[in-house]
Amino acid sequence: MPTTNQLLSSVQVARFVAHGFLRLDDVVPPEMNEEALGVFAAGLPSVPYGTPVPEAFPEGSFARRLVELPAVAGALESLVGPDPTVDHHFVHTRLPHEGSAQPLHADALIDLRTEAFDVQLMYYPQAVTADMGGTLVVPGSHLRRTNESDTGRYQNLRGQTRLTCPAGTVLLLHHGIWHGGRRNDSDTVRHMYKIRFNPTVPQVRLWDTADLHDPAVREELRRTFPWYEQATARLEIHNRIGLWRSLSADPGFDIDHWATRITNRPAPQRSTA
Ligand SMILES: O=C(O)CCC(=O)C(=O)O
């Protein structure tokens, strides 16, 4: 994918590390949103796992134009790097008055990576209203390990967000985020096009790092969410410290010395006698 000058800032990437997603409202132009519905109705060609973007989405195709929109390309490059491969893509459709919601889940059965992550793009070509069953997302859930659909045991977490958005909105999500399509109680078919990207380079300082030492980075990383338990919330921040150390290539980064304390293992002193 081409290099773009719309890279994310450090504060935006820190917000992604804390929330597990980034929301880009209204970034796809109306003519593409209209075109999308026809493209989805015609069906998308299947893409084998691991296909480079230019092969998966030929020049001029709808998906290629979508991922090359400057705001989308810049955010993707900042999070997953240049030249990612496509894991899979799919149009998720929620029918009018369908009567049931999708249980909360993450899209990976189990994924033990701590330093690398896939990015899932969700694109909404229509305005999504409250009764259309917008995607439910649990902010700050992406580093909490449960296994895929077992997450469905949890219902109605405090602070969960049920997406309503203008047409042309794109979400970029960490692969571990807890999410689910809600029940569509409207008269309108609701579409969401998802593409999962795999990184092909180490995810280290891929964004515009000019503000790397801005105090707002730390403020983003120490944020808690209403559903967190009091003690386990600290573990979430601890997990983020680990991810930020790796993303920013700063092995000494810390918040309130939490990671420093638990890695302090002094070596035996050599005798000088
Ligand atoms: O329909 C939606 O909004 C979400 C669907 C989804 O992400 C999934 O099936 O994994």
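**A walk through the predicted model**

Asp256 lies in the loop between helix H7 (232–247) and helix H8 (258–262), and this loop is a convenient place to enter the structure, which is a predicted model. The phi of Asp256 is near 50 degrees, a positive value in a residue other than glycine, and with 12 C-beta neighbours inside 10 Å the residue counts as exposed. A second aspartate invites a similar description: Asp83, in the loop between helix H5 (70–80) and strand S3 (85–94), has a positive phi of about 55 degrees although it is not a glycine. Asp83 has 13 C-beta neighbours inside 10 Å and therefore counts as partly exposed.

The overall division of the chain comes next. The protein is divided into domain 1 (10–198) and domain 2 (212–262), and the centres of domain 1 and domain 2, taken over C-alpha atoms, are separated by 25 Å. Across the boundary, 17 residues of domain 1 are in contact with 19 residues of domain 2; the side of domain 1 that touches domain 2 is made up, by class, of nine nonpolar, four polar and four charged residues.

Helix H1 (residues 10–19) deserves a closer look, because eight of its 10 residues are buried, so that the helix is largely enclosed by the rest of the structure. The buried residues of H1 are Ser10, Val13, Ala14, Arg15, Phe16, Val17, Ala18 and His19, and what covers them includes S1, H5, helix H6 (215–221) and H7. Just after H1 comes Gly20, which takes a positive phi of about 90 degrees.

From the helix we turn to the sheets. One open sheet is formed by six strands in the order S1-S7-S4-S9-S3-S2, with antiparallel pairing. Its edge strands are strand S1 (21–24) and strand S2 (51–52), each of which pairs on one side only. Within this order, strand S4 (residues 119–124) and strand S7 (residues 169–174) run antiparallel and are joined by six bridges; Leu121, for instance, has Leu172 in S7 as its bridge partner.

A further open sheet consists of three strands in the order S6-S5-S8, and here too the pairing is antiparallel. Strand S6 (161–162) and S8 stand at the edges with a single partner strand each, so one side of each is left without a neighbour in the sheet. Strand S5 (residues 135–137) pairs with S8 in the antiparallel sense over three bridges, and among the residues involved, Thr135 has Gly181 in S8 as its bridge partner.

These strands lead to the ligand, which is surrounded by His92, Arg94, Gln102, Asp107, Thr135, His179, Gly181, Met192 and Lys194. Thr135 and Gly181, the bridge partners just described, are thus both named in this shell. At least two residues of the shell are supplied by each of S3, strand S8 (179–181) and strand S9 (190–198). S3 and S9 belong to the sheet of six strands, whereas S8 belongs to the sheet of three, and the surroundings of the ligand accordingly draw on strands of both sheets. By class, the shell has one nonpolar, five polar and three charged residues.

Definitions and conventions
Residues numbered from 1 in each chain as written. Predicted model: local features only at pLDDT ≥ 70, side-chain atom pairs only at ≥ 80, totals over all residues. Helix = DSSP H or I, 4+ residues; strand = E, 2+ residues; numbered from the N terminus. Buried ≥ 20, exposed ≤ 12 C-beta atoms within 10 Å, placed from the backbone. Near = placed C-beta within 6 Å. Nonpolar A, V, L, I, M, F, W, Y, C, P; charged D, E, K, R; others polar. Pairing = 2+ DSSP bridges. Contact = placed C-beta atoms within 7 Å. Domains from an automatic or database assignment.
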